[in-house]
Amino acid sequence: MQKIYTILNSCIEYLLVTIFGLLVIDVVWQVVSRYVIGQSSSFTEEFARFSLIWLTVLGAAYINGQKEGHLSMDFLLSKLSGEKRKRRQKVIQICMAIFALVIMVIGGGNLVYTTLSLGQTSSALHVPLGYVYAIVPVCGIIIIFFSFYNIKKQNFL
């Protein structure tokens, strides 16, 4: 499980850096084309929007795997000691896994299926919107894996 976690983290890190780099290039090109050339490119705004969707959802999954890195309010959790704290952290991880399963995997999968079956495409890039939304169920699966990894890592099982 540790090896899968390490490989998955490396892949996500590489993908996040790549998406962010492409987003920077896209926005710079948008500014240059608008103010230097005098004509805005048609695809840059849509590409930036889709890149931000992927960057945000994938970043949320990545941070979930980094356990210490994500924003949390643990004031009440820090007041607990020993076994109570472990049980509460296990419940939190299970709740995150259930949320990821129901909302992201099932709901996101339904969204992907619906948009692909309806044949919806983006206006400027002509990309099927199901491909853009596919990041939601994929990251839901990643979050579920990270939740169970965190439970096993903390010896909650």
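These legends walk through several close-up views of a predicted model.

**View 1. Helices H2 and H6 pack side by side at an angle of about 10°.**
Here we meet helix H2, residues 44–65, and helix H6, residues 135–153, with their axes 8 Å apart. Because the angle between them is about 10°, H2 counts as roughly parallel to H6. On the H2 side, the contact is made by Ile53, Trp54, Val57, Leu58, Ala61, Tyr62, Asn64 and Gly65. H6 answers with Ile135, Val136, Cys139, Ile142, Ile143, Phe146, Ser147 and Asn150. Sorted by class, this contact of H2 with H6 has 12 nonpolar residues, 4 polar ones and no charged ones.

**View 2. The largest nonpolar core has 22 residues.**
Ile12, Leu16, Leu58, Met104, Cys139 and Phe146 are the residues with the most contacts inside this core. Four helices each supply at least two of its residues: H1 (2–37), H2, H4 (82–118) and H6. The helix that gives the most to this core is H6, with 8 residues. Take a moment to find Leu58, Cys139 and Phe146 again, since they also take part in the contact of H2 with H6.

**View 3. Isoleucine 12 is one of the residues with the most contacts inside the largest nonpolar core.**
Which residues does isoleucine 12 contact, leaving aside its neighbours within four places in sequence? They are Leu58, Tyr62, Ile142 and Phe146. Leu58 and Tyr62 belong to the H2 side of the contact in View 1, while Ile142 and Phe146 belong to the H6 side.

**View 4. Cysteine 139 is buried, and its sulfur has no bonding partner within reach.**
The relative accessibility of cysteine 139 is 0%, so this residue counts as buried. Its closest cysteine sulfur is in cysteine 11, 13 Å away, and that is too far for a bond. A search of the whole structure finds 0 disulfides. Cysteine 95 offers a contrast in setting: at 46% relative accessibility, cysteine 95 counts as partly exposed.

**View 5. Histidine 126 has a positive phi of about 60°.**
Most residues other than glycine have a negative phi. Histidine 126 is not a glycine, yet its phi is positive. Look for histidine 126 in the loop between H4 and helix H5 (129–133). Is this residue buried or exposed? With 58% relative accessibility, histidine 126 counts as exposed.

**View 6. Threonine 115 is a buried residue of helix H4.**
The relative accessible area of threonine 115 is 4%. Not counting residues up to four places away in sequence, threonine 115 touches Gln120, Leu129, Gly130 and Tyr133.

**View 7. Aspartate 26 is a buried residue of helix H1.**
Aspartate 26 has a relative accessibility of 5%. Beyond its neighbours within four places in sequence, its contacts are Phe43, Thr44, Phe47 and Ala48. Isoleucine 151 lies 125 residues away from aspartate 26 along the chain, and 39 Å separates their C-alpha atoms.

**View 8. Arginine 49 sits in helix H2.**
Arginine 49 counts as partly exposed, at 41% relative accessibility. From its C-alpha to that of isoleucine 94 is 31 Å in space, and the two residues are 45 apart in sequence.

Note on methods: Residues numbered from 1 in each chain as written. Predicted model: local features only at pLDDT ≥ 70, side-chain atom pairs only at ≥ 80, totals over all residues. Heavy atoms only, no water. Disulfide = S-S within 2.5 Å. Buried < 20%, exposed > 50% of the residue type's maximum accessible area, 1.4 Å probe, protein only. Axes fitted to C-alpha atoms, helices over the stretch in contact; angles between N-to-C directions. Parallel < 35°, antiparallel > 145°, perpendicular 65-115°, else oblique. Contact = heavy atoms within 4.5 Å. Nonpolar A, V, L, I, M, F, W, Y, C, P; charged D, E, K, R; others polar. Core = buried A, V, L, I, M, F, W, Y, C linked by side-chain atoms within 4.5 Å.
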